[in-house]
Amino acid sequence: MTATPLLLALAGAVHPRHLTAATAGLWAGLHIVLLPVFPFLALGLVVPLWGRPRRDTEGALTVLAWAGCLGYAMYYSGLDAVAGISAGTVVHHGVHGAAGRLFATGDELGRAGVYGLAVACLATCAVLYRRHGARVLPGAVVLLAACWSFVDSHIFWPRGVLTMLGFALAFALLTAARFRRGDEGAGSGGDGGARSRRLTNR
């Protein structure tokens, strides 16, 4: 799950800071390569919630997280296509006056996508807290901070690269919290504790 944000961080390190006639070819080409990569950032939220949702609060939060991930994948791919591929292509071919409008449209699509990702992050953190308790909080804090930064940092150096590294760290922390030994759901009062009590009573 950390592979996608690390790859995006690497791409951000070589991403042109500004779109000019000299950088337009790399700008468009890089976004063509990244078009199928950006949606996979949501795997860090989808994989921890894998499985058929139950008909309870946790299940509703899981569906909400998946819906947010879907919204992110659709709308942020729109940003990549419009402000990345299209804007780079028109500047590369000397079409004047179009790039600004493409950036404006792309920014709107990107913000919508990141807002969807924010909803997914909040819902995922809520589910993981119910399952694993307070040990997920460090990863949740890093995740939400990275998502907040992602609204306007994209993957541009330096903040965008740090944002992607933040996602990678958050996914690693949440994964470690999920598999750390200890009482399931300790401190959460959630379903994990109830499951442990049922197992003890058998």
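How much space lies in the largest pocket? In this predicted model, the answer is about 310 Å³. A good place to begin is with the residues around that space. The lining of the largest pocket is made up of 20 residues, and those nearest its centre are Leu 79, Ala 83, Asp 107, His 154 and Phe 156. Four elements each give two or more residues to this lining: helix 2 (24–34), helix 4 (57–92), helix 5 (99–132) and helix 6 (137–153). Helix 4 provides the largest share, with five residues. By class, the lining of the largest pocket is mixed, with nine nonpolar, six polar and five charged residues.

Attention now turns to a pair of helices. The axes of helix 1 (residues 3–14) and helix 7 (residues 159–179) come within 8 Å and cross at roughly 165°. Because angles over 145 degrees count as roughly antiparallel, helix 1 and helix 7 are roughly antiparallel to each other. The crossing of helix 1 and helix 7 is left-handed.

The residues that bring these two helices into contact can be followed from either side. Helix 1 contributes Pro 5, Leu 6, Leu 8, Ala 9, Gly 12 and Ala 13, and these meet Val 161, Met 164, Leu 165, Phe 167, Ala 168 and Phe 171 in helix 7. The contact of helix 1 with helix 7 has 11 nonpolar residues, one polar residue and no charged residues. The lining of the largest pocket, by contrast, has five charged residues.

Technical notes: Residues are numbered from 1 along each chain as its sequence is written. This is a predicted model: local features need pLDDT of at least 70, side-chain atom pairs count only at pLDDT 80 or more; totals for chains, interfaces and linings use all residues. Side-chain values use heavy atoms; hydrogens and water are left out. Axes are lines fitted to C-alpha atoms, for helices over the stretch in contact, and angles run from 0 to 180 degrees between N-to-C directions. Angles under 35 degrees count as roughly parallel, over 145 as roughly antiparallel, 65 to 115 as roughly perpendicular and the rest as oblique. A crossing is left-handed if the near helix is turned anticlockwise from the far one by less than a right angle, and right-handed if clockwise. Contact means heavy atoms within 4.5 Å. Ala, Val, Leu, Ile, Met, Phe, Trp, Tyr, Cys and Pro count as nonpolar, Asp, Glu, Lys and Arg as charged, and the others, Gly among them, as polar. On a 1 Å grid over the protein atoms alone, a cavity is a set of points where a 1.4 Å probe fits but cannot get out, and a pocket is an open set with protein on both sides within 12 Å along at least five of seven lines; lining residues have an atom within 4 Å of a point. Grid points are joined across faces, edges and corners, and a volume is the space filled by probe spheres set on the points.
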